[in-house]
Amino acid sequence: MRKTVWGTDGVPSARWIVNFDLDFTDGLVLAALLAAYCPYLIKSHFQRIYTTVSSLEQIIHNNIIVSQALTTLGVNMDIQLPDLSDSNPVQMLVLCVHLYEVLPHYLPSHTITLSGSLHSTVSKQVRLKNPSSKPVKYQAFFLGEDAHFFSLPNGSMVTIPPKSNTVLTVQVTCFFLRPMEAVLLLSSTFGLRCATLTFNLKTNINHITPTTALQCSSPCYQVKVIEVPIINKFTKEANFRVVLVESNFNPVEPETKGSTLIQQSPSKANIQKKTSHNIDGWEMEDGEAHEFLSRVRSVCLLPGQADTLRLLYLPFFPGTKYCSVLLTCPQVGDMVYVVKATSELPLPSPVSAKSRCDSDFITKNSDTSVSVVRLHCKVGDMCEEVLQVSRVNTPWENALAVWAQHCMSAGERRRRMLTHTLDSSTVRESTLTKKFIKQQLLRSVNQNKGIQYDVEVSLPQYFTLPRTVTIPVKEGSNILQENPTDCGCVNIPLRFQADSVGHFTSKVVLSSFCDTRVYVLEALVTSQGKESLHNDHDSTAHLFTLRGKGEHPLLVEHVALSCPVGTTTYTQLDIPNNSLKNLTLNVQTDLSVVSGVSYLEIKPGHSCLYTLAVTPWKRGKQTGSVSFVKTGEMQEANKDKGDAFKHYATFSLELTCEPAAPVKVINIQCVTENSVTMEIPVSNPGEELLMLDVFLEGDSLTGANLVSVPPRETVNYNATFSPVSVGKITGSVVFQSEQVGEFWYQLELYALPPSVIKLPQACCQLGKGLLGSVSKMAV
């Protein structure tokens with residue numbers, strides 16, 4: 001038992017037990033003897049013993065621990081156990097004989113498994129039988145590393161009546177994914193002395209309910225940041241270790257095979273294996289396609305404290321993958337979060353075409369950011385082209401470099417930044433060989449000097465390409481290139497032919513064991529544009545060239561609505577379905593103040609009232625339209641021809657948005673030919689800067705046409721009234737912003753007449769003039 005108790009480091013030397021005076025002195029022999037029958041005492045007691053003693057104090061220390069172990073087991077002896085070093089050989093012999101008699105009863109006779117879900121409280125009953133004619137009383141207690149997690153809800157004292165039985169309830173809360181183990185020990189206290197009963201207790205997690213389940217999606221080779229909200233649901237502060245476990249199926253849900261529901265035990269075993277090993281949260285093994293990464297190794301949370309854990313998701317293969325985020329704390333408990341990530345096809349890659357010299361068709365790139373091969377031909381004509389595909393998948397190469405950079409240590413990242421080698425081929429090759437592709441696949445690629453791709457076309461009835469394409473690898477090198485942009489192209493033959501007019505868009509997907517590529521092809525097919533009339537009488541034929549111009553569909557109805565600002569006005573549009581099939585319509589509008597459900601389903605021969613909601617945020621008149629676009633099963637035939645959408649019904653809208661009631665009516669008086677400035681307070685209760693457009697209505701009003709209000713502050717807007725004529729004027733100051741809508745103040749403006757100037761009375765004799773006075777009056 002020496003290596004079992006004390007491991008490989010510090011294991012005591014072997015000895016023969018020949019002298020009871022000396023060989024039992026240091027307590028190691030008794031400790032090994034007790035550990036053979038009671039291994040659950042090893043961690044709690046015996047690993048604290050000195051394996052090599054050099055002083056009397058160390059000997060006393062060891063014997064005290066052995067004495068405590070015997071007391072814990074309830075072994076009563078006449079010897080004073082703390083003074084084992086002073087006992088005589090006869091007493092030691094008696095002690096050893098007694099231990100050999102009683103210790104076999106301390107070996108667990110049965111194993112009791114308590115099964116339940118994570119974080120649930122599980123209980124199980126142990127039936128105890130008394131065949132004697134006297135009552136038996138037991139003292140129950142737990143031993144072992146996880147003993148403090150187990151409890152006896154009905155008390156630790158158990159009394160069994162004569163010739164009867166009773167039930168002892170054992171309870172535990174499953175805080176950990178790993179099996180929690182303890183030993184239930186029942187020793188008789190007084191009355192009839194019976195043998196000690198010992199049971200192994202073990203927990204089994206048969207169901208996991210994640211604390212939080214998230215869903216996300218991202219195209220291949222595009223990094224997505226996933227924010228996982230975490231919270232400490234325990235009553236103690238815990239330092240959780242972050243562990244990521246990836247799988248192709250949901251590890252916490254049962255799997256259905258046929259009509260039988262089975263539990264995915266291997267996945268849970270994988271989770272428990274990850275939690276029991278000391279690994280980093282982002283450590284990866286060779287040959288495994290890991291797509292999730294956490295830069296945080298551990299997180300410390302107080303009871304009830306919430307935080308956010310950031311994960312990086314970089315998919316390399318289309319499909320769905322699950323990431324179980326495990327927060328483990330050996331002292332407190334474990335928590336599980338599940339992220340379901342869907343990897344979509346990668347974004348389209350650039351592609352070009354090499355026009356054939358004998359072809360009359362047009363091949364060019366579109367005006368979008370990604371080059372697209374566009375063909376133009378007539379109905380029934382065969383278009384043959386040669387696609388030029390890059391030998392290197394640039395998005396894939398960039399993704400390898402990005403993933404390697406995220407996995408670098410801070411020192412290596414700094415060194416590569418200084419040497420400008422963050423995107424070198426060695427960095428990408430390290431990610432390729434260690435994280436995603438097994439070595440034998442790389443060797444087969446180098447031997448064959450090429451990678452074979454399966455080709456899938458979304459419109460195979462029109463676009464014809466080879467089923468497989470082999471893209472060669474550069475001679476004398478591996479898959480990766482030092483400069484991916486300068487690697488040459490591979491020619492792929494393409495044929496296109498359509499028997500109807502339309503605009504055709506097809507995706508071409510090239511997939512291999514290591515990467516996936518997507519290219520976009522477009523074709524515009526026009527009709528011959530001719531009509532021929534044949535005269536059977538004189539065998540003459542007349543050929544006409546037809547030209548057509550597509551116009552917007554006719555309006556079903558013109559709808560005029562009067563809508564107060566700040567409130568929602570509803571109206572209903574009648575949409576009939578005169579066909580014999582279900583009709584699915586998507587709703588489109590060019591007015592931002594109009595809302596409603598995004599799609600509409602109408603049964604054959606029925607009509608449906610569509611409710612339109614108008615919520616204007618500013619006054620004025622707005623015009624626009626609401627269109628119902630046909631999609632779904634009725635358009636499958638048109639989709640094949642390139643006509644993905646078709647207008648079914650269009651309504652024109654004319655909205656008269658009337659202002660709401662003013663915030664306040666302000667009366668202002670001013671004498672003609674003078675000016676009065678009024679201050680209007682404007683508040684911003686939000687957390688961002690508020691920009692308001694200002695419109696002044698009314699003669700003789702002036703002011704700024706824009707005002708900015710800082711967050712949680714109030715500013716005064718100044719408006720000046722300068723009348724030039726006497727009378728009453730009604731004006732307004734209107735504030736508008738898409739953030740807060742519109743509010744306004746009504747102004748009652750009174751232009752008062754100027755004060756009367758009295759001139760002194762002028763007198764003069766008849767026939768004489770007062771030039772001076774007249775001059776003064778003129779002034």
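**Helix α2 and a small lining**

Trainee: Are α2 and α3 roughly parallel or roughly antiparallel to each other?

Mentor: This is a predicted model, with local features needing pLDDT of at least 70 and side-chain atom pairs pLDDT 80 or more, while totals for chains, interfaces and linings use all residues. Residues are numbered from 1 along each chain, and side-chain values use heavy atoms, without hydrogens or water. The axes (lines fitted to C-alpha atoms) of α2 and α3, residues 56–73, come within 9 Å and cross at roughly 30°. That angle falls under 35 degrees, so the two helices (DSSP H or I runs of at least four residues) are roughly parallel.

Trainee: How many residues of α2 are buried?

Mentor: Helix α2 covers residues 28–37. Buried residues (under 20% relative accessible area, 1.4 Å probe) include L28, V29, L30 and Y37. Helix α2 is largely enclosed by the rest of the structure, because the buried count is 9 of the 10 residues.

Trainee: Which elements give two or more residues to the lining of the second largest cavity?

Mentor: The structure holds 2 cavities of 30 Å³ or more (1 Å grid points where a 1.4 Å probe fits but cannot get out; lining atoms within 4 Å). The second largest has a volume of about 30 Å³, and L387, V389, L465, I492, V508, L510 and Y519 line it. The elements giving two or more of these residues are β22 (383–390) and β27 (502–511) (strands, E runs of at least two).

Trainee: How many nonpolar residues are in that lining?

Mentor: Leu, Val, Ile and Tyr are among the types counted as nonpolar. The lining has no polar and no charged residues, and its nonpolar count is 7.

Definitions and conventions:
1 Å grid on protein atoms, 1.4 Å probe; cavity = no way out; pocket = protein on both sides within 12 Å on 5 of 7 lines; lining within 4 Å. Points joined across faces, edges and corners; volume = space filled by probe spheres on them. Buried < 20%, exposed > 50% of the residue type's maximum accessible area, 1.4 Å probe, protein only. Axes fitted to C-alpha atoms, helices over the stretch in contact; angles between N-to-C directions. Parallel < 35°, antiparallel > 145°, perpendicular 65-115°, else oblique.
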